Amino acid sequence: MSKLNDQLIGALDQSAEALGFLEVLGEADQSQLLLDIDSARREHHRQIVASLEEALEHIPRLIRGPIRKLFGV
Amino acid sequence: MDRHTEIRRLAQVLHKPADALGYLDKLDVEGLHRLRLILQNRIIDEFAHLFERMAASGKIAPDSLSALLCRKVFGPTLTANMSYFTPVTKAVKLLKHFDADFLTEVSRHIVPERAQAMLQGIPVDMMREVTRNLLAAGEYPVMGGFTDHMPETKVVALMEEIENPVDSLRVSTYTQNKARIARITLGFDEDYLSELIHAAFSSDELIEEVGLITAEMDAADQQRMARLTDRLDKAYRKRARRMADSLGTTERLQAYFDA
């Protein structure tokens, strides 16, 4: 059993107890998992941002700013 | 739960090929499943603040206008993500305004575990064309997830849209609820069952799959599967036995091998 990687705990936004089942993974495997999770989150982020930008293209330029502010983007 | 199925599903979430996840070998199937659910929710909830606001802004708009905005402005990715934060009755009403092509695109982005209530509410006839579209695009992972989380009566109805048994088996490779697939499979007539068994023996992966499905059947039905298998080729069951021995599923298929 390996100690859980703190960054992995942060990436999954769970308590260490909730992720205890991941302690069977060695240090290197936890690091690889962290890399894959970060990559999946970045891909999702990229898709959402691209879709938002595309949606904003349909809206008159003048009101895009207030809409971004309204939705917090 | 089947480990290979879970690895395939997790690989989809991670945008990785399944064979790149060998470093997770020490995790049992329950661990893989928990990891996938945590990760799926984490990814969705990362933008919760945005989608909650977007969904709230559509509360007072008429359904037809909200649906139009989804189709013409937000697009499928944002619509799928908003749906988790939209009251189910409203979400189902909106879906009814979508055409099959748009609904197919939305389906590709839906996490079925988070959309179970919506999947219950969506009329099955709307899903028929979506099923055909997903099938044509080879979206087996999406279909496998829906098969797990849609009401069984709807799944049975949608299975009618899958003519090729290889496609049924491919969907099953991404479906965790093999007992459900077994029940549905037993509803097929003997001609289709024979085609399915014949198709299964075209590749090792599909032999494994039909084995996992058969393992969920009772002894009488396993014996029926054995008779149908022998009718096609007596050598098939020997192949299946070797596969089951290597996967450790022989005991669960005892009636099939003893027949």
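**How the labels are earned: chain B and its contact with chain A**

Guide: Let's start with B:Thr185, which sits in helix 12 (residues 178-186) of chain B. Keep in mind that this is a predicted model.

Visitor: Why is B:Thr185 counted as buried?

Guide: Count the C-beta neighbours: B:Thr185 has 24 inside 10 Å. The cut-off for buried is 20 or more, so B:Thr185 gets the label.

Visitor: Which residues does B:Thr185 touch, leaving out those up to four places away in sequence?

Guide: B:Leu196 and B:Ile213. As for B:Ile213, it is 28 residues from B:Thr185 in sequence, yet their C-alpha atoms are 8.4 Å apart in space.

Visitor: And what makes helix 4 of chain B roughly perpendicular to helix 5 of chain B?

Guide: The angle. Helix 4 (residues 63-83) and helix 5 (residues 88-95) of chain B pack at about 110 degrees, with their axes 10 Å apart. Roughly perpendicular covers 65 to 115 degrees, so this pair qualifies.

Visitor: Which residues make that contact?

Guide: Helix 4 of chain B brings B:Asp63, B:Ser66, B:Ala67, B:Cys70 and B:Ser83, while helix 5 of chain B brings B:Ala91, B:Lys93 and B:Leu94. Sorted by class, that's four nonpolar, two polar and two charged residues.

Visitor: Stepping back, how do you know that the size of chain B agrees with a compact globule?

Guide: Set the two radii side by side. A compact globule of 259 residues would have a radius of gyration near 18 Å, and chain B has 20 Å, so the value agrees. Along the principal axes, the C-alpha atoms of chain B fill a box of roughly 65 × 40 × 25 Å.

Visitor: How many helices and strands does chain B have?

Guide: There are 17 helices and zero strands. Buried residues make up 39% of the 259 residues in chain B. Take the contacts in chain B between residues at least 6 apart in sequence: 81% of them join residues at least 24 apart.

Visitor: What about chain A: how many residues does each chain put into the contact?

Guide: Chain A gives 24 residues and chain B gives 25. On the chain A side, the largest share comes from helix 2 (residues 27-56) of chain A, with 14 residues. By class, the chain A side has 11 nonpolar, seven polar and six charged residues.

Notes
Residues are numbered from 1 along each chain as its sequence is written. Chains are lettered from A and ligands numbered from 1 in the order in which they are written. This is a predicted model: local features need pLDDT of at least 70, side-chain atom pairs count only at pLDDT 80 or more; totals for chains, interfaces and linings use all residues. Axes are lines fitted to C-alpha atoms, for helices over the stretch in contact, and angles run from 0 to 180 degrees between N-to-C directions. Helices (H or I, at least four residues) and strands (E, at least two) are DSSP runs, numbered from the N terminus. Angles under 35 degrees count as roughly parallel, over 145 as roughly antiparallel, 65 to 115 as roughly perpendicular and the rest as oblique. Two residues are in contact if their C-beta atoms, placed from the backbone, lie within 7 Å. Ala, Val, Leu, Ile, Met, Phe, Trp, Tyr, Cys and Pro count as nonpolar, Asp, Glu, Lys and Arg as charged, and the others, Gly among them, as polar. A residue is buried if 20 or more other C-beta atoms lie within 10 Å of its own, exposed if 12 or fewer, and partly exposed in between; C-beta atoms are placed from the backbone. The radius of gyration is taken over C-alpha atoms; the globule rule is 2.2 Å times the number of residues to the power 0.38.
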